[in-house]
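Student: I would like a close look at one part of this model: the side of chain A that touches chain B. Please follow it outward into whatever it belongs to.

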Amino acid sequence: MLRFIKITILTAGLFCLAVHPVLAKKTVLTDIKVIHASTGKNHVDPGLNSIISELESVFKYTSYRLLKDETLNLNFGQKGQVNLPGKRTLEVVPIKMENKRIRYQILIRKINRIIFKTQVLLKNNSSITIGGPKFKKGTLLFNISGSAH
Amino acid sequence: MKNSCGKYSSEEISRFVDNELPTQTYDAIQQHLSTCTECSAMVKNFSSLSDIFSHHAAARVAQMEKGTIAKHLHSTLQKKEKSTFGNHFEFLGKHMVLKVASLAIILMISLFAFQNTIFPPTGPSAIVKSVDTDFASVMIIETQKKKHTIIWFNET
């Protein structure tokens with residue numbers, strides 16, 4: 001009997017630890033896509049296949065070009081930074097896990113001046129798009145996805 | 001029916017053999033038998049018949065009782081075994097309750113650990129907790145299909 005319990009608990013414990021590292025999430029893989037959306041010639045970069053249907057359901061742009069795609073492996077509380085066109089920078093900080101979501105602080109600077117700041121609870125393995133800044137007869141969109149490990 | 005002696009009927013002789021007569025009649029017949037050869041012969045016949053029946057019946061009853069008891073015991077045991085709770089879960093062996101309890105605990109722990117995977121959070125891809133900007137126009141949009149969250153601000 002005791003042997004049975006020992007084996008069961010040991011197997012379950014090893015399974016949990018080996019297969020599912022959710023119990024000890026330490027880092028957040030943050031992917032930032034910088035997209036130039038415009039009404040130019042129809043074009044969609046292949047790197048945007050996963051989100052293009054969602055963007056096209058909201059925006060009337062005909063061209064979506066992927067200007068930059070950066071993946072940052074960040075610890076909670078660690079700042080990640082990506083340079084954007086037009087002397088802008090995008091800063092992301094995964095703060096903590098909250099209700100199965102990642103709390104992110106996202107900040108956009110333009111020549112060292114904060115022009116946009118937000119805090120969001122991002123669903124794990126999901127993404128958010130922030131848009132608005134004008135750039136070259138179009139608009140910049142920033143798709144930020146997070147995956148906690 | 002009376003035998004050729006005519007004093008006692010065959011029924012009375014039969015009852016004498018079976019010891020079913022009142023004492024007085026019994027004694028009278030017994031006394032009569034010492035002088036009547038016909039009635040004595042009838043008593044002998046009835047006695048031998050009675051012996052045969054008695055022996056056969058006893059043997060039969062003994063056999064039947066033995067078989068019936070064994071059968072009854074067997075069926076009772078079977079019923080008892082079937083009605084035993086543990087018998088339905090004999091694959092769990094001994095200490096069945098403890099084993100089931102430990103499996104339940106493991107299942108609960110696993111569900112708790114895996115709830116993020118099994119039951120992912122519902123709702124929009126991102127919940128906007130705060131927005132701070134110099135620009136007046138900010139829109140928060142959620143797409144219909146995948147509930148993808150979009151924050152739009154006018155940088156003018």
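Tutor: Here is the contact side, then the sheets, then the cores.

The model is predicted, so local features need pLDDT of at least 70 and side-chain atom pairs count only at pLDDT 80 or more, while totals for chains, interfaces and linings use all residues. Residues are numbered from 1 along each chain as its sequence is written, and chains are lettered from A and ligands numbered from 1 in the order in which they are written.

Start with the contact side. Here 36 residues of chain A are in contact with 37 residues of chain B (C-beta atoms, placed from the backbone, within 7 Å). On chain A, helix 1 (2-19), helix 2 (52-56), strand 7 (113-123) and strand 8 (126-135) each supply at least two residues. Helices (H or I, at least four residues) and strands (E, at least two) are DSSP runs, numbered from the N terminus. By type, this side of chain A has 17 nonpolar, 13 polar and 6 charged residues. Ala, Val, Leu, Ile, Met, Phe, Trp, Tyr, Cys and Pro count as nonpolar, Asp, Glu, Lys and Arg as charged, and the others, Gly among them, as polar.

Now strand 7 of chain A. This strand pairs with strand 1 (residues 126-133) of chain B, antiparallel, over 7 bridges; pairing takes at least two DSSP bridges between two strands. A:T118 has B:V131 as its bridge partner. The pair belongs to an open antiparallel sheet of 5 strands, ordered 4(A)-5(A)-6(A)-7(A)-1(B). Its edges are strand 4 (80-84) of chain A and strand 1 of chain B, each paired on one side only. The twist averages 20° from one strand to the next (axes are lines fitted to C-alpha atoms; angles run from 0 to 180 degrees between N-to-C directions). Within this sheet, 10 bridges join strands 5 and 6 of chain A, which run antiparallel. There A:R88 stands opposite A:K110.

Strand 8 of chain A sits in another sheet. This open sheet has 7 strands in the order 2(A)-3(A)-1(A)-9(A)-8(A)-3(B)-2(B), with mixed pairing. Its edge strands are strand 2 (43-44) of chain A and strand 2 (138-142) of chain B. Strands 1 and 9 of chain A run antiparallel over 11 bridges, and A:V28 stands opposite A:A148.

The largest nonpolar core draws on both chains. Such a core is a set of buried Ala, Val, Leu, Ile, Met, Phe, Trp, Tyr and Cys residues joined through C-beta atoms within 7 Å. A residue is buried if 20 or more other C-beta atoms, placed from the backbone, lie within 10 Å of its own (exposed: 12 or fewer; partly exposed: in between). Of the 32 residues in this core, A:V120, A:L122, A:I128 and A:F142 touch the most other members. Among the elements that each supply at least two core residues are strands 7 and 8 of chain A and strand 3 (149-153) of chain B. A:F142 touches A:I32, A:V34, A:L90, A:T129 and A:I130, leaving aside residues up to four places away in sequence. A second, separate core of 7 residues includes B:Y8, B:I13, B:V17 and B:M42.

Finally, helix 1 (residues 10-17) of chain B. Its buried residues are B:I13, B:F16 and B:V17. Seen down the axis, they fall within an arc of 100° (directions from the helix axis to the C-beta atoms), so they line one face of the helix.

Terms used:
Two residues are in contact if their C-beta atoms, placed from the backbone, lie within 7 Å.
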